[in-house]
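Grab your viewer and a coffee, and let's work through a few exercises together. Try each task yourself before reading the solution.

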Amino acid sequence: MRHPNRRSRPSSTGRQPWVTVLAMLVAVAVIGHPDQAGAAGDLQALVDAAQPGSVLTVTAGTYDPVVITKPITLRGVGGPVIDGGGTGTVVRIASPDVTLTGFTIRSSGNSLDREDSGVFAEGARMTLTDNIFEDVLFGIYLRQGEHSVITGNVIGAKDLESGRRGDPVKLWESPFTVFADNTVESGRDVVLWYSEGIVIRGNLIQRGRYGLHFMYSHDAVVEGNTLRDNSVGAFLMYSYNLTFNDNLVVGNHGPSGYGMGLKDMDGVEASGNQFIGNRVGLYIDNSPTKVDLVQHFTGNLFAHNDFGVTLLPAVKGNVFSGNAFVENREQVGVAGSGTPRDNDWAAGGIGNHWSDFAGYDADGDGIGDISHRVDDLFSALTDTKSELIIFSGSPAARLIDAAARAFPTLRPEPKAVDPAPLIDLPPIAVPAGTSPPAGVTVLGTVLLTLAGLIVAAGRPRRELRP
């Protein structure tokens, strides 16, 4: 029997037993009567009463915005909605070790100055999974959230002009975060700043401004993503040791329209990517920055872009091998006056496949017997007058190039020389669940067939046009 003068021991958080009972009653009200769950304060009361480390199950209903200041798990079942009512941030998290899963988060405010967000989170080891974001200015804003996981979310945006939208995802000083298998639609930029060691994998990012916008995010892995119909697919800046593999980068056609842009990047390794139908497939500016570094681009497809690869004149230290340059209006371009030097267009005796290679393979080893030179006069003109590219492939363009071949003094210095061009189209890795446009697949089959016939006949291969 308890001594009559002995006080009850307080709970581990200092609450008396009646507070715990009240918390249980609130939880029962929210979970057991979803039709009443929209009452103001229901979700906040449940969160406030929870013990750190609790797992709270929230059923269907519409809830007011919530602030989370302790490590807990909120698990939505049946599609509960947290609605901001068009004001401020919907879910604000100010604690490490918080999990939020299974919710629809909608209707934030629209203030860019306040950075109104669907979720604004500060704290390490955040887990945000399988949520839907609707009508939010910023989607997920994570600050100082190292070792966090953001997976399986569908992130929309407010119906605003693109410059007035917020960023659907913003990582700030959040190293070693995994951002995977999300769908991002119509936001501004996916911003990844000051966050080393991050993994960006398997996401669909489309119809935004910058699909991925890196700054000062070293040792990152970007693989298996689809970056579609943005102004820029990925623009990567001021970082080192980037792995960019097996991504589909298609239809990025804004004012710059880079599929992938590199600015002051060191240690880039890119392979198995498909750059299709962009204004510029790959744009390189001052990358690498260090004279003792070499960057490798291997097994990538550059197809049906206005420019397959564009380099600034001073760019050096990049190696291209085993890539396929297929029917780009200009296979290689130069942004500005001058000619890039000290970039290699073959490695280990393996060059690249060029759909406009006019050479031959008499010995049948799959390597052209003459070098491929990117030195046509018309493409040199488009480097300085980009608006002329609309005439690419026209009779006028072909006449200009014919004149340069007939009169060598008109022939410009080559922008690229591949000493070992590949006759056959090399295998290109295709990200899971994606495929190149049908025209590219058919074109590849035609090129392979024609190349085999030409080698068997032992006669020079003619220029191929679709």
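Below are five exercises, each with a worked solution.

A word on the ground rules: this is a predicted model, where local features need pLDDT of at least 70 and side-chain atom pairs count only at pLDDT 80 or more, while totals for chains, interfaces and linings use all residues. Residues are numbered from 1 along each chain as its sequence is written, and side-chain values use heavy atoms, with hydrogens and water left out.

**Exercise 1. Work out the strand order of the open sheet and find its edges.**

Step one: trace the pairing, where two strands pair if DSSP finds at least two bridges between them. Strands here are DSSP E runs of at least two residues and helices are H or I runs of at least four, numbered from the N terminus. You should get 12 strands, paired in parallel, in the order 1-4-7-10-13-16-19-22-25-28-31-34.

Step two: look for strands that pair on one side only, which gives strand 1 (55-58) and strand 34 (318-321).

Step three: check the twist. Neighbouring strands are turned by 10° against each other on average, direction ignored; axes are lines fitted to C-alpha atoms, for helices over the stretch in contact, and angles run from 0 to 180 degrees between N-to-C directions.

Step four: see what packs on the sheet. Helix 2 (residues 42-49) touches strand 1 and strand 4 (73-76), and its direction makes about 165° with that of strand 1.

**Exercise 2. Zoom in on strands 28 and 31 and find the bridge partner of Glu269.**

Strand 28 (residues 266-271) and strand 31 (residues 295-298) run parallel and are joined by three bridges. Glu269 has His296 of strand 31 as its bridge partner.

**Exercise 3. Follow the aromatic pairs around Phe325.**

First, the rule: rings of Phe, Tyr and Trp (its six-membered ring) pair if their centres lie within 6.5 Å, and planes under 30 degrees apart count as stacked, over 60 as edge-to-face and the rest as tilted. That gives 16 aromatic pairs.

Next, take Phe302 and Phe325, which are stacked at 4.9 Å centre to centre with 15° between the planes. Phe302 belongs to strand 32 (residues 301-303) and Phe325 to strand 35 (residues 324-326), so this pair ties together parts 23 residues apart in sequence.

Then move on to Phe325 and Trp354, also a stacked pair, with 4.3 Å between centres and 10° between planes. Trp354 is in strand 37 (residues 353-354) and Phe325 in strand 35, so parts 29 residues apart in sequence are tied together. Both Phe325 and Trp354 are buried (under 20% relative accessible area; exposed is over 50%, partly exposed in between; 1.4 Å probe, protein chains only).

Finally, zoom out: ring pairs link Phe275, Phe297, Phe302, Phe320, Phe325, Trp345 and Trp354 into a cluster.

**Exercise 4. Which residues have the most contacts inside the largest nonpolar core?**

A nonpolar core is a set of buried Ala, Val, Leu, Ile, Met, Phe, Trp, Tyr and Cys residues joined through side-chain atoms within 4.5 Å. The largest has 79 residues, and Leu74, Val91, Leu242 and Phe244 have the most contacts inside it. Strand 24 (residues 232-237) supplies the largest share, five residues. A second, separate core has eight residues, including Leu248 and Ile428.

**Exercise 5. Is Arg164 buried or partly exposed?**

Start with its place, the loop between strand 14 (154-155) and strand 15 (169-172). At 48% relative accessibility, Arg164 counts as partly exposed. Leaving aside neighbours within four places in sequence, Arg164 is in contact (heavy atoms within 4.5 Å) with Leu112 and Leu137.
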